[in-house]
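User: I would like to understand how the words used for a protein model are justified. Could we go through them one by one?

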Amino acid sequence: MRRSDRLTGKKRPNGTSAAGVAAAGQPRLAVATTPSATSQASADSTPTAASAAAPSDASAAAGPGSDRGFRFVDRRALLRLAGTAAVVAPATSLLAACTGSKGSSGVRPVRIGMVTPQSGALSSFASADLFVTDHMTTWFKDHGGIAVGNSTHPVQIFVRDSQSTFARAAKATTQLIYEDKVDIVLVDATSDTVNPVADQCEVAGVPCISTMSPWESWYFSRGGDVTLKNPFNWTFHFFAGLNDYYQAYASMWGDRVSTDRTVGALWPNSVDGQWFSHPKLPFRQGLDNNWKLVNPKLLDGKGSQQDYLYQPGTKDFTQVIAAFQAGKVEIVTGILDEADFAQFERNANSMSFQPKIITISKAAMFDNDLRTIGAQVSNNLTTELFWSDSSPNRSFVTNQPSKDLGDQYRASNGRQTTPQQLGASMALFDVAAQALSAVNSIDDRKSIATALKSLTARTILGDVKFGAREGLPQNVATIPLNGAQWRWHQDSYSFDLVQVNSSGNNALPNQGQLGAITYDT
């Protein structure tokens, strides 16, 4: 695997990749199409939805063994075990590696790119990504690679740093495409990373799989319209939608903690904040119809959408908090980063504002962020939950149970908790490997994109089927959300994320009951 340098974006060698392999039993279904040329994209400009003009679409027919039109790829057909392994080219011969050179097995490697924020405000997301890329590099080396068509290919993984900015994420993607010559791009870590990466891949005609962003933020922000007619040919996204968020939050709020159902929202004027606050989309609609949503700028009446948005990086939330206090808010929700939430809590503490329930996304994703915010408010802080190491699912590629993956992460990182993003990062490789193994040639990018449209991918998060549900764009798959609560352990100075509501996915058992925030911790 090759990672980008934190400051310059240059690649640095980090371990080795992949190998050569053995054949398995069941036939794979594949659609052979004509390879398409890629179009040049600027490496330095921030992409816009208008710039993501895509080639014409091609649909795939389901073949034998499909389920309701979706292909299943058998693990035995994906993996061909062999006794030899090809070593990734060293940095001095990178140019040869990136221009189609073949390893000792006689076939060129599959090149997988990943963009992750190794530095900047979103750098907490990088830990799970880098663990998974290291884990997969070792696994592909030890097990031979990926079977594509009649050949088994070693695997190279290239990692680039988005530096937690929109523009840098776009540039990192063009570097993966034009310098590293990757066959497919993977990305997660919020809309700020996912969207610019997907836009660049759509322009260049390179398959891209993304996650860890509400699908509406991925779809509408990039030019998708309300008719849900799919404008994208190369980019695919799986994650929960705004209705999933609303159902998970509302089910949790209505359970065991008595409130007056009055809600205050912390929505930044950002990609995610704009869609969560949109009055015609499910999250905001659910609050308006079933709860009392307090307008932080206008107590009498609903006002405009802009009334509910604050400027990211705000240094003073006292006016917002005063409005929440006047409106007798007992539940606070939002999708904001750790720095903004920490500032909100400093102001709330000085004003003695103590809501019974605080449910936020993004800032409550990682235990190390909660330590920065402080145990006083982080104890019993609630958030969504989409994966934990108690999940019954296994990785399709490695066949590793969720619990084993979590144990290995904690042992490798010296961490006490397992971030749920670990499951999403692993699922990206599960989906990518099955799509690659469903085609005849890794040089046929269009065929990879076509395979994704008809694939049922079995992942450590569960099945991923793009376009399988009514009311979803063709290139979107959703995953269920449950409700969870952070518990602080003073004796070990550690947090646990405990599932307290399983309304979205009852395959994950509850581990505790919802409790009100305790302000005397």
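Analyst: The questions below take two residues and one pair of helices in turn. This is a predicted model, in which local features need pLDDT of at least 70, side-chain atom pairs count only at pLDDT 80 or more, and totals for chains, interfaces and linings use all residues. Residues are numbered from 1 along each chain as its sequence is written, and side-chain values use heavy atoms, with hydrogens and water left out.

User: Why is Thr382 called buried?

Analyst: Buried means under 20% relative accessible area, exposed over 50%, and partly exposed in between, with a 1.4 Å probe and protein chains only. Thr382 has a relative accessible area of 1%, so Thr382 is buried. Leaving aside neighbours within four places in sequence, Thr382 is in contact (heavy atoms within 4.5 Å) with residues including Met252, Ile357 and Leu514.

User: How do you know that Ala265 counts as buried?

Analyst: Ala265 has 3% relative accessibility and therefore counts as buried. Not counting residues up to four places away in sequence, Ala265 touches Leu293, Tyr308, Phe324 and Thr333.

User: What makes H3 and H15 oblique to each other?

Analyst: Helix H3 (residues 126–143) and helix H15 (residues 421–437) pack at an angle of about 40 degrees, with their axes 9 Å apart. Angles under 35 degrees count as roughly parallel, over 145 as roughly antiparallel, 65 to 115 as roughly perpendicular and the rest as oblique. H3 and H15 are therefore oblique to each other.

Key: Axes are lines fitted to C-alpha atoms, for helices over the stretch in contact, and angles run from 0 to 180 degrees between N-to-C directions. Helices (H or I, at least four residues) and strands (E, at least two) are DSSP runs, numbered from the N terminus.
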